Amino acid sequence: YKAKKQGINMALFSHEMTQHATEMVDLHNKLKSAISQGMIQPHYQPLIDLSSNEIVGVEVLARWITEDGSIGPSPAVFIPLSEDSGLIWALSETMIAQAAKAIQGWLEQGVKIRFSVNVSAKQFAEDEFCAQMMEQFRRLSVTPQSVQIELTESVLIQNTEKSLEKIQMLKSAGFKIALDDFGTGYSSLQYLTQFPFDTLKVDRAFVTDIFHDERKFSVAKSIINLAHDLKLTVVAEGIETEEQRRVLVELGCDIGQGFLFSEPMAQDQLSEQLKVVNSKKA
Ligand code: C2E
Ligand code: MG
Ligand code: MG
Ligand code: MG
């Protein structure tokens, strides 16, 4: 009876696995054609100076635009898929090409903000990565000084020495470097002393409950103080409420990002916002 039961479970299990595998292959093929048809496009989410309430930067985020113009599967799904299937190269190339072009346009209009670009561990691990990055931005006359590269800890655990070399190379080219999603993953404090980051992004997991959960509040407070002692700029991710914003201002957090200020938006929408910002400054 036991064997029979297991047999049935095994059959169900493998059926589910096959179905899952088939779905992933299907999604892979769709992603592949979406990339080649230019349907993976950058959207842009403002980063706000928490003391002046001004836009000081923008994070570039990949969006899958479907045939009817709506937004398709989330990058939390298609970025890992593209990493596993090798599509990350083509994806990252089209993302940076489109973003660099948009950034060049904004810089020409006199917009003085920094653009943050996400880089996955797989890309970063490639020997050619730094050279490619510099070449792409150089070709479109975007100065690295206007660009911040967001890395997660997964990048750093793989090959510490090489990673350090690459980060130093990018920094001497003028790029700024941010440690993304801090507080999740390994969060080794060692990384903060080993690598010359400019910015630390506190993960949304701490921001969400910062007003209601005393422990999260304490951890966020400590991270912010530690980062400041190390002369890093601190960004809080995923600010959705006024209470969260207020607590973060009280803790001295430098920059905020989240739906409270703005969702990620298409190029034209951001252009409109930046025009308003520029005309206010003029
Ligand atoms: P991330 O780099 O940590 O980006 C921040 C994520 O938080 C974005 O999710 C953004 O839309 C979301 N977010 C911002 N404010 C709020 C908020 O107030 N509430 C909530 N609930 N979420 C908020 P998104 O765009 O879905 O991207 C997910 C992740 O996918 C990113 O996390 C990043 O790791 C990766 N990713 C996105 N675009 C790219 C890309 O072009 N290249 C690479 N390598 N990774 C990317
Ligand atoms: Mg990021
Ligand atoms: Mg992040
Ligand atoms: Mg995050």
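**Entry 1: conventions**

I took as donors the N, O and S atoms within 2.8 Å of the metal (3.2 Å for Na, K and Ca); water is not among the atoms, so sites may look incomplete. I worked from a predicted model, in which local features need pLDDT of at least 70 and side-chain atom pairs count only at pLDDT 80 or more, while totals for chains, interfaces and linings use all residues. Residues are numbered from 1 along each chain as its sequence is written, chains are lettered from A and ligands numbered from 1 in the order in which they are written, and side-chain values use heavy atoms, with hydrogens and water left out.

**Entry 2: magnesium ion (ligand 3)**

I looked up the coordination of the magnesium ion (ligand 3) and found Asp180 (OD), Asp181 (OD) and Glu237 (OE) at 1.8 to 2.4 Å. Along the chain, the donors of this ion follow the spacing D-D-x55-E. Asp181 lies in strand E5 and Glu237 in the loop between strand E7 (233-236) and helix H11 (242-250), so the pair ties together parts that are 56 residues apart in sequence. Helices (H or I, at least four residues) and strands (E, at least two) are DSSP runs, numbered from the N terminus.

I then checked burial, where buried means under 20% relative accessible area, exposed over 50%, and partly exposed in between (1.4 Å probe, protein chains only). Glu237 is buried, at 11%, whereas Asp181 is partly exposed, at 24%.

**Entry 3: magnesium ion (ligand 2)**

I list Glu59 (OE), Asn118 (OD1), Glu150 (OE) and Asp180 (OD) as the protein donors of the magnesium ion (ligand 2), at 2.0 to 2.2 Å. Their spacing in the chain reads E-x58-N-x31-E-x29-D. Asn118 belongs to strand E3 (residues 114-118) and Asp180 to strand E5 (residues 176-182), so this pair joins parts that are 62 residues apart in sequence. I recorded Asn118 as partly exposed, at 32% relative accessibility, and Asp180 as buried, at 7%. Asp180 also coordinates the magnesium ion (ligand 3), which lies 3.6 Å from the magnesium ion (ligand 2).

**Entry 4: magnesium ion (ligand 4)**

I found Asp181 (OD), Asp203 (OD) and Glu237 (OE) as protein donors of the magnesium ion (ligand 4), lying 2.3 to 2.8 Å from it. The donor spacing is D-x21-D-x33-E. Asp181 in strand E5 and Asp203 in the loop between strand E6 (199-202) and helix H9 (204-208) link distant parts of the chain, 22 residues apart. Asp203 is buried, with a relative accessible area of 12%. Asp181 bridges this ion and the magnesium ion (ligand 3), and the two ions lie 3.0 Å apart.

**Entry 5: ligand 1**

I counted 23 residues around ligand 1, the closest being Arg63, Asn118, Asp180, Glu240 and Phe259; a residue is near a molecule if one of its heavy atoms lies within 4 Å of it. Strand E2 (55-64), helix H2 (75-85) and E5 each give two or more residues to this shell, and E2 supplies the largest share, four residues.

I also noted individual atom pairs. A polar side-chain atom of Asp181 lies 3.0 Å from an oxygen atom of ligand 1. A backbone N or O atom of Phe259 lies 2.8 Å from an oxygen atom of ligand 1, and one of Ser120 lies 3.4 Å from a nitrogen atom of the ligand.

**Entry 6: helix H7**

I located Gln168 in helix H7 (residues 160-173). Gln168 is partly exposed, at 43% relative accessible area. The C-alpha atoms of Gln168 and Phe195 are separated by 8.5 Å, with these positions 27 residues apart along the chain count.

Key. A polar contact is a pair of N or O atoms within 3.5 Å; within protein, one must be able to donate a hydrogen and the other to accept it, and residues adjacent in sequence count only if both atoms are side-chain atoms.
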